[in-house]
Amino acid sequence: MPATVLFFLFLSFTFGHARECYSTKFRCCCCDINNNVKEKFVAFTAITTNGGRLSYGPIIYDKVVTNVGKAYSAWTGIFHAPVPGVYSFTFSLMGLYSNHIYMFLYKNHVEVTRLYTGGGSRHEVSSNTVYLALKKGDEVYTKGTAWKKLYAAEPYNLFSGVLIKKGNF
């Protein structure tokens, strides 16, 4: 091959790789020389502003405060693990004073834990934190008691998650 063709291939690979790593870093990743992801930062906090009746589906936390790594969807209310690892999730509940309400945390459609507030003519708050070992693509979300209402006039009902350590556990 002529030297100019080799030089062109070298430049194409170098700048193409640099652009790919830059875009990956922009999404909060670090990559090695072979463009393998070495480290990924994932953290989100979202709040629901829905004061209407809950459905049977996941709770939609539509006010996203932080979404580093873009793993939480404000459209579906579902967190998708972008990498395997141990994650910490926190969720809180303030039910409307006039009803008792449950909130459940699910991993891949299986209940992990729940919250409860009894109402009783006062606003009660409940929260929980759980650590989960997730595989890439696992889903985590919350659901509430269908047809009950959350107190959403203020930011009490939130869902947060953070990657603590990447790896297969």
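The following exercises, with worked solutions, concern a predicted model.

**Exercise 1.** Determine which residue forms a salt bridge with Glu 111, and classify the accessibility of both partners.

*Solution.* Step 1: the criterion requires a side-chain nitrogen of Lys or Arg within 4 Å of a carboxyl oxygen of Asp or Glu. Step 2: Arg 114 satisfies this criterion with Glu 111, since the closest N and O atoms of the pair are 2.8 Å apart. Step 3: the count of salt bridges under this rule is 1. Step 4: Glu 111 has 33% relative accessibility and is therefore partly exposed. Arg 114 has a relative accessible area of 43% and is likewise partly exposed.

**Exercise 2.** Identify which residues make the nonpolar surface patch of about 300 Å², and locate Tyr 131 in the secondary structure.

*Solution.* Step 1: the patch is made by Tyr 131, Val 162 and Ile 164. Step 2: Tyr 131 belongs to strand S9, which covers residues 125-134. Step 3: the relative accessible area of Tyr 131 is 56%, so this residue is classed as exposed; the threshold for that class is over 50%.

**Exercise 3.** Establish the strand order of the open sheet of 4 strands, and state which strands stand at the edges.

*Solution.* Step 1: the order is S5-S10-S7-S8, and the pairing is antiparallel. Step 2: strand S5 (79-80) and strand S8 (110-117) each have a single partner strand, so they stand at the edges, with one side of each lacking a neighbour in the sheet. Step 3: S5 pairs with strand S10 (residues 139-144) in the antiparallel sense over 2 bridges. Step 4: at the residue level, His 80 has Glu 139 in S10 as its bridge partner.

How values were computed
Residues are numbered from 1 along each chain as its sequence is written. This is a predicted model: local features need pLDDT of at least 70, side-chain atom pairs count only at pLDDT 80 or more; totals for chains, interfaces and linings use all residues. Side-chain values use heavy atoms; hydrogens and water are left out. Buried means under 20% relative accessible area, exposed over 50%, partly exposed in between (1.4 Å probe, protein chains only). Patches are made of residues with over 30% relative accessible area and no salt bridge: like charges are joined within 9 Å, nonpolar side chains (Val, Leu, Ile, Met, Phe, Trp, Tyr) within 5 Å. Accessible areas come from the Shrake-Rupley method with a 1.4 Å probe; for residues, only the protein chains shown count as cover. Two strands pair if DSSP finds at least two bridges between them.
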